[in-house]
Amino acid sequence: MSKVALITGINGQDGSYLSDLLLTKNYKIHGFVRSNFKPNNSKHNWRIKHLLKKIILHKVDINDHTRLKTLIKKIKPDEFYHLAAQSHDGHSFKNEFYTFNMNLNYTHFLLSSVYNANKKTIFFFAASSEMYIKNPKKKINEKTIFNPSSAYGISKLASYYLVKNYRENYNMHASTGILFNHESPIKDDRFVLRKISMSVAKIKYGKQKYLKLGNIKAKRDWGHAKDFAKAMWMMCQQKKANDFIIGTGKLHSVEDFARLAFKSVNLNYKNYIKIEKNLKREKDSNARTADISKIKKILKWKPKINFRNLVLDMVNKDLKRIKK
């Protein structure tokens, strides 16, 4: 029999890649989407349009606990992937009550509902490197002390401890993947790397003259979301639940990405970038780098798509979009 997976945030970047992967493994896939989701609206479905005939979507209100409980009991998932979140870190304190309701209260309710519906269901929670200090002196591993400084990071950390509590006190197969930055051609273009890849495509086809950026020296540990989806699935195949850092262990700058992106279309990035002071973050964090020793050792996982191929994938897909 096919396994049944239920995914929150299925129409997001990670949900789309995870669905692609699970379909290759013959899963029956259900997904929770917002109550205002319109299957025919390109703003809502653009990441999962190719999946719509292969998956089952359920419109939910995160505060409608009765409906959520009923759906979970009816679907009876073997694996539950909780990926939905208020994830734009810069906005998290501007709307802190929504952030905590979405990232903490919703997670708590889902954990409880999944456990009460079927104690054998495997639960995966997507946490974030934003749970750690802003200025680390060395690579971050699973033993690094937490010290979040945003509503987003705080809410993710509280949920991390909730998941840990259900695992230790209720013997639930509940794991947390602590995700470092991961990008792809289907990342929202308000994030800097996708903004760059889209702009490169527009500049190449004469639709845009310049690209405005802030601090191009800012560095991050950037991986490909497709690799991260594989790590999530692998975590749920283990006999025992565990928490893992998911990243690449390598740092690159915004400038590195821009240089490679423009080079891939035979342009010099220096001729097209304008630095805007108002685009620089007031309190931009220092680079956090993932120590992926644990996941490499236990799961035998490591990223397959390197930084250069991430750049090429994003630019090539945006070139095709702009050409259309």
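Colleague: Which residues have the most contacts inside the largest nonpolar core?

Modeller: This is a predicted model, where local features need pLDDT of at least 70, side-chain atom pairs count only at pLDDT 80 or more, and totals for chains, interfaces and linings use all residues. Residues are numbered from 1 along each chain as its sequence is written, and side-chain values use heavy atoms, without hydrogens and water. A nonpolar core joins buried Ala, Val, Leu, Ile, Met, Phe, Trp, Tyr and Cys residues through side-chain atoms within 4.5 Å; buried means under 20% relative accessible area with a 1.4 Å probe, protein chains only. The largest has 73 residues, and those with the most contacts inside it are Leu22, Phe32, Tyr81, Tyr106 and Phe123.

Colleague: Happy to start there! What does Leu22 touch, not counting residues up to four places away in sequence?

Modeller: Contact means heavy atoms within 4.5 Å. By that rule, Leu22 touches Ala5, Ile7, Tyr27, Ile29, Tyr81 and Trp233.

Colleague: Ile7 is in that list; which way does Ile7 point from strand 1, and with which residue?

Modeller: Strands are DSSP E runs of at least two residues, numbered from the N terminus. Strand 1 covers residues 4-8, and 5 of its 5 residues are buried. Val4, Leu6 and Thr8 point one way, while Ile7 points the other way together with Ala5.

Colleague: Lovely. What are the bridge partners of Ile7 in strand 2 and in strand 4?

Modeller: Strands pair if DSSP finds at least two bridges between them. Strand 1 runs parallel to strand 2 (residues 28-34) with 5 bridges, and parallel to strand 4 (residues 79-82) with 4. The partner of Ile7 in strand 2 is Gly31, and in strand 4 it is Tyr81.

Notes: Buried means under 20% relative accessible area, exposed over 50%, partly exposed in between (1.4 Å probe, protein chains only).
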